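Trainee: I am new to this structure and would like to understand how each label is earned. Could we go through the terms one by one?

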Amino acid sequence: MTMKPANLASADGVWDHLRLAPGALADDRAIEGEAAIVVADGHVRWVGDRTALPADCAALPRFDGGGALVTPGLVDCHTHLVYGGQRANEFALRLAGASYEEIAQAGGGIVSSVRATREADEDALFAQSAPRLEQLLADGVCAIEIKSGYGLALAHERKQLRVARRLGEAYGVTVRTTFLGAHALPPEYAGRSDDYIDRVCREMLPALAAEGLVDAVDVFCERIAFTLAQTERVFQAAQALGLPVKLHAEQLSDMGGAALAARYGALSCDHIEHLSAEGIAAMREAGTVAVLLPGAFYTLRDTQLPPIAALREAGVPMAVSTDHNPGTSPALSLLLMANMACTLFRLTVPEALAGITRHAARALGLQDTHGAIGPGMPANFVLWQLQDAAELAYWFGQRPPRTVVRQGRIALEATR
Ligand code: NIG
Ligand code: FE
């Protein structure tokens, strides 16, 4: 099933009788009574107290929200959505006692998804990835980041990024592509990791950027992946092309990656279970977002908690994402991640909600257009049949009825 945006009804008109969730408005206003949102040409034209609706809006089509709770469209700011195959076998191996690092060192892990991704052609990859995107969209996601990193060769990285772009067009959802060529060492470069990084910097990244396939650049900086020095070389290549960087940082150990990324003005540092005080200070200085990935923490049965209290204290914005990938986080619900961020990481509910909207948008450089509701922004919002905003993080394993307005279209309608 492919939802074509052209077939979806326009959301232009007045969305009336709404209750705005805390933090929903771009300008941080709080509205006491019921609110209304005016959508024109697919964008928010006005939002405020319904009793103050501008007179010239009175004749527009009406959508009665019936007192629904409204949030901005959700933003999933860290996913590896496009890949071939699955890795349930590794799930079983871990249950039998193997660690993620042991499986990777034995030729499994990321490299086994690389094999399956290389074998799939572009259409097959699209067909495998589309149902996963549909699951995330059903949760109210209106913008999503999709990384490459399971091709690890120019043609295959291109194929992944092209599928990511095609998904965005087919579903009418904002897709930000991130080039993660430095995700793992491809087997043909065994023992020659610096040569591979050369290839990433001199051939792959410039070619894909020239084709308009790269919105940002990421690296997996870790003992089982790439060193700090190699990470910096990729950052320099990105900087030379004017592309923003992000980093898979301090997931399994403290490599000092976050501080390096911050020096390059990174949009975000992600995972960060082993983040140091120095890393936090550098991120605060640079305005880098901390992206928390409770799905990977949970799947790997990690015990090292990210330094939430220190991040909060420093005022570093915290985002929450699925990290959807076949190895460490086969999760397809951003609301479930909000629940887990509260339960496992002790985020407050408002922090978790900001984490899947406002701060997630910032982690993608999309803060002016996504993650909040405000005049001039594309119409991306969700009406929930819920009493209390805390219910968004409270329920798990079910989907409360919702109506999703995405890119100015009614993408999903609640059936009561
Ligand atoms: O975000 N940490 C590295 N990358 C992914 C896992 C990729 C995989 O195992 O396939 C992550 O957890
Ligand atoms: Fe990841």
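Trainee: How are the donor residues of the iron ion (ligand 2) spaced in sequence?

Mentor: The spacing of the donor residues is H-x1-H-x167-H-x74-D. H80, in the loop between strand 6 (74-76) and helix 1 (88-95), and H248, in strand 10 (residues 246-249), link distant parts of the chain, being 168 residues apart. This is a predicted model, in which local features need pLDDT of at least 70 and side-chain atom pairs count only at pLDDT 80 or more, while totals for chains, interfaces and linings use all residues. Residues are numbered from 1 along each chain as its sequence is written, and side-chain values use heavy atoms, with hydrogens and water left out.

Trainee: What makes H78, H80, H248 and D323 donors of the iron ion (ligand 2)?

Mentor: Donors are N, O and S atoms within 2.8 Å of the metal (3.2 Å for Na, K and Ca). The atoms here, NE2 of H78, H80 and H248 and OD of D323, lie 2.1 to 2.4 Å from the iron ion, so they count as donors. Water is not among the atoms, so the site may look incomplete.

Trainee: Why is H80 called buried?

Mentor: Buried means under 20% relative accessible area (exposed is over 50%, partly exposed in between, with a 1.4 Å probe and protein chains only). H80 has 2% relative accessibility, so H80 counts as buried, and H248, at 3%, counts as buried too.

Trainee: How do you know that F179 is in contact with L161?

Mentor: Contact means heavy atoms within 4.5 Å. Leaving aside neighbours within four places in sequence, the residues in contact with F179 include L161, V200 and M204.

Definitions and conventions. Chains are lettered from A and ligands numbered from 1 in the order in which they are written. Helices (H or I, at least four residues) and strands (E, at least two) are DSSP runs, numbered from the N terminus.
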